[in-house]
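Subject: Structure handover

Hello,

Here is the structure I promised to pass on. Please open it first, then read my notes below.

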Amino acid sequence: MSTERTPIDWRAAGIETELGWSLQAMYAGFSRTAAGAVAGVPGGARGYQVLVAVTTEPPTSQLALGQRLGIDKNAMTSVVDALEARGLAARRPDPQDRRKSQVIATDDGRALLATARISLRTVEATLMRDLSADEQTQLRHLLARVALGAGDTEACTT
């Protein structure tokens, strides 16, 4: 763990104390470097997310998968088409409703995901280098909890 770069004066209520600024700065740093880590995955970050979901969750329809990941149906079709063209994923009829198709990972898709995950973890470790291993784990857990509840929030109108 390295030392904090700039001490934060929490009482001064400066910009670095604002959640929105922190999230934007963290996301900007992440997106600048993460794109290279997943460049080999068709569809980039979206393709990576699809591979993670189809290798870790029960099979679901392509539409439901896109909704879960926040990918609109046109973009989702393009991503799955690209993954399928490279032999990284396949569509199969849903056994419950053959009008729907499920997306599954192939062995090549699983192998590419493993490689991309290693690269992405390196990017993440660099981004979070000022945090201890325990703090990094805690941040991941807290962000995941907030992200899971974010869809339930309504726009503020005040």
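From the N terminus on, the elements run α-α-α-α-β-β-α-α. That makes six helices and two strands. Keep in mind that this is a predicted model. The C-alpha trace spans about 60 × 40 × 25 Å along its principal axes.

Some overall figures next. The protein has 158 residues, and 25% of them count as buried. It exposes about 10800 Å². Carbon and sulfur atoms supply 56% of that area. I also looked at contacts between residues at least 6 apart in sequence. Of these, 53% join residues at least 24 apart.

Now the core. In soluble globular proteins, nonpolar side chains tend to be buried together. Here the largest nonpolar core holds 26 residues. Which of them touch the most other members? They are Tyr48, Val50, Leu65, Leu83 and Val103. Several elements each supply at least two residues of this core: α1 (19–37), α2 (44–56), α4 (73–85), β2 (101–105) and α5 (107–127). The most comes from α2, with six residues.

Val50 is a good place to start looking. Leave out residues up to four places away in sequence, and Val50 touches Leu65, Leu69, Ile71, Met76, Val79, Leu83 and Val103. Among these, Leu65, Leu83 and Val103 are also on the list of core residues that touch the most other members.

Next, the cavity. A search of the whole structure finds one cavity of 30 Å³ or more. About 40 Å³ of space lies in it. Which residues line this cavity? The lining consists of Ala53, Val54, Glu57, Pro58, Pro59, Thr60, Leu65 and Val103. By class, that is six nonpolar residues, one polar and one charged. Two names come back here: Leu65 and Val103 line the cavity, and both belong to the largest nonpolar core.

Three single residues are also worth a look.

Serine 61 sits in the loop between α2 and α3 (62–69). Is this serine buried or exposed? Serine 61 counts as buried, because its relative accessibility is 12% and the cut-off for buried is under 20%. Its contacts, leaving aside neighbours within four places in sequence, are Lys100, Ser101 and Gln102. Of these, Ser101 and Gln102 fall in the range of β2 (101–105).

Leucine 127 is found in helix α5. Its relative accessibility is 31%, so leucine 127 counts as partly exposed. It touches Met26, Gly29 and Phe30, again not counting residues up to four places away in sequence. Those three numbers fall in the range of α1 (19–37). How far is leucine 127 from aspartate 97? The two are 30 residues apart in sequence and 43 Å apart in space, C-alpha to C-alpha.

Alanine 13 is in the segment before α1. Its phi is near 55°. That is a positive value in a residue other than glycine. Alanine 13 has a relative accessible area of 51% and is therefore exposed, as the cut-off for exposed is over 50%.

If you have only a few minutes, begin with Val50 and its contacts. Then go to the residues that line the cavity, Leu65 and Val103 among them. Finish with serine 61 in its loop.

Best wishes

Notes. Residues are numbered from 1 along each chain as its sequence is written. This is a predicted model: local features need pLDDT of at least 70, side-chain atom pairs count only at pLDDT 80 or more; totals for chains, interfaces and linings use all residues. Side-chain values use heavy atoms; hydrogens and water are left out. On a 1 Å grid over the protein atoms alone, a cavity is a set of points where a 1.4 Å probe fits but cannot get out, and a pocket is an open set with protein on both sides within 12 Å along at least five of seven lines; lining residues have an atom within 4 Å of a point. Grid points are joined across faces, edges and corners, and a volume is the space filled by probe spheres set on the points. Ala, Val, Leu, Ile, Met, Phe, Trp, Tyr, Cys and Pro count as nonpolar, Asp, Glu, Lys and Arg as charged, and the others, Gly among them, as polar. Helices (H or I, at least four residues) and strands (E, at least two) are DSSP runs, numbered from the N terminus. Buried means under 20% relative accessible area, exposed over 50%, partly exposed in between (1.4 Å probe, protein chains only). Contact means heavy atoms within 4.5 Å. Accessible areas come from the Shrake-Rupley method with a 1.4 Å probe; for residues, only the protein chains shown count as cover. A nonpolar core is a set of buried Ala, Val, Leu, Ile, Met, Phe, Trp, Tyr and Cys residues joined through side-chain atoms within 4.5 Å.
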